[in-house]
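Here is a set of questions and answers on one protein model. Please keep the sequence and the structure in view while reading.

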Amino acid sequence: MSENAIELRHVSRSFGDFGVSDLNLTLPGGCILGLMGENGAGKSTTIRLLMDTLRRDGGEIFVLGVDNTTPEFQRVKQDIGVVLDEARFPETLNARELEQVLALTFTNWESDTFHRYMDRFQLPEKKLFKDFSRGMKMKLAIAAALSHRARLLILDEATAGLDPIVRDEVVEVFREFVCDDDHSILICSHIVSDLEKLCDYAGFLHKGRLLFCEEKDALLEGCGLLSCTAGQLAELEPGAVLGSVRSPYGAVALVRRDGVPAGFELEKPTLEDIILFQVKGEKHA
């Protein structure tokens, strides 16, 4: 069994009126964790905390088994491929010149792998980076992240700006990456449909707090959507109802399947359903 790729234990970081609070999150080795949340929810802050470019106020962070505040983490960074929401490469370089820089940056740089992804993504070698489209920039950043024998990919909106066909191609590349049990991915995205297809674990950040982080299939199978009358909703145990929306015609509730009596017909929710009901639905305590 592979070690955990990422562990956050009671991690917090305050910025005055905003911050992330008591984050507890685990990404097992060989798996993909999709971290969802609105803009400003704390996803990018979490990545900065992971990479130790932002110091935490409290808690512990381990990446590939190493405390990320120790000198050893500088070595471990060689095993991490990072793709941020904006690809940041020198604008006056082309891909061939960029590769020469990256080969000096990463001790395990593999030129053949980089050129294979360049061909797969149909990226030009001689075009200047500043003349790339947003989608081309993201594909180049992904190619670079996959070309130095990384064991962990950390991706922040890596599928944003890509058309649906290319997005599907990139998702397939990520699936191939984790076929190796020693490889793991943390992907932050607001494109919930991509994460539902891709991830093994799903987490949701809301206003700096992690509302859930669970195995995706268990999460989807453990919840149900119930359409019922207001009276039927009121008769359910409060702990069984995760959120509800009422209308003059009745109610729709996100419920825990094991808390609903037999006889009620439940629909299987999507990840987006679970998020919307927990954030916007009426809470039951």
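Q: What is the mean pLDDT of the protein?
A: This is a predicted model, in which local features need pLDDT of at least 70, side-chain atom pairs count only at pLDDT 80 or more, and totals for chains, interfaces and linings use all residues. Residues are numbered from 1 along each chain as its sequence is written, and side-chain values use heavy atoms, with hydrogens and water left out. pLDDT is the predictor's confidence in each residue, from 0 to 100. Of the residues, 98% reach 70 or more, and the mean is 92.

Q: Which element has the lowest confidence in the protein?
A: Helices (H or I, at least four residues) and strands (E, at least two) are DSSP runs, numbered from the N terminus. Confidence is highest in strand β4 (residues 58-63), at a mean of 97. The lowest mean, 86, belongs to helix α7 (residues 192-198).

Q: What is the strand order of the open sheet of six strands?
A: Two strands pair if DSSP finds at least two bridges between them. The pairing in this sheet is mixed. Its order is β6-β7-β8-β3-β9-β10.

Q: Why is one side of β6 and of β10 left without a neighbour in the sheet?
A: β6 (80-83) and β10 (209-215) each have a single partner strand, so one side of each has no neighbour in the sheet. Neighbouring strands of this sheet are turned against each other by 10° on average, direction ignored; axes are lines fitted to C-alpha atoms, for helices over the stretch in contact, and angles run from 0 to 180 degrees between N-to-C directions. As for the position of β6 and β10, both stand at the edges.

Q: What is the bridge partner of D156 in β8?
A: Strands β7 (residues 152-156) and β8 (residues 184-188) run parallel and are joined by five bridges. For D156, the partner in β8 is C188.

Q: Which strands does helix α10 touch?
A: Contact means heavy atoms within 4.5 Å. Helix α5 (residues 134-145) lies across β6 and β7, at about 175° to β6. Helix α10 (residues 271-280) also packs on the sheet, its direction making about 150° with that of β10. The strands touched by α10 are β3 (32-37), β9 (201-206) and β10.

Q: Which residue takes a positive phi in the hairpin of β4 and β5?
A: β4 runs antiparallel to strand β1 (residues 4-14), with five bridges, and L8 has I61 as its partner. β4 is also joined to strand β5 (residues 66-67) by two bridges, again antiparallel, and F62 is partnered by D67. The hairpin has two residues between the strands, and the positive phi, near 50°, is that of L64.

Q: Why is the pair of F129 and F132 tilted?
A: Rings of Phe, Tyr and Trp (its six-membered ring) pair if their centres lie within 6.5 Å; planes under 30 degrees apart count as stacked, over 60 as edge-to-face and the rest as tilted. The count comes to seven aromatic pairs. For F129 and F132 the centres are 6.0 Å apart, and the pair is tilted because the planes are at 45°.

Q: Is F129 buried or exposed?
A: Buried means under 20% relative accessible area, exposed over 50%, partly exposed in between (1.4 Å probe, protein chains only). F89, F129 and F132 form one aromatic cluster, and F132 is buried at 5% relative accessibility. With a relative accessible area of 3%, F129 is buried.
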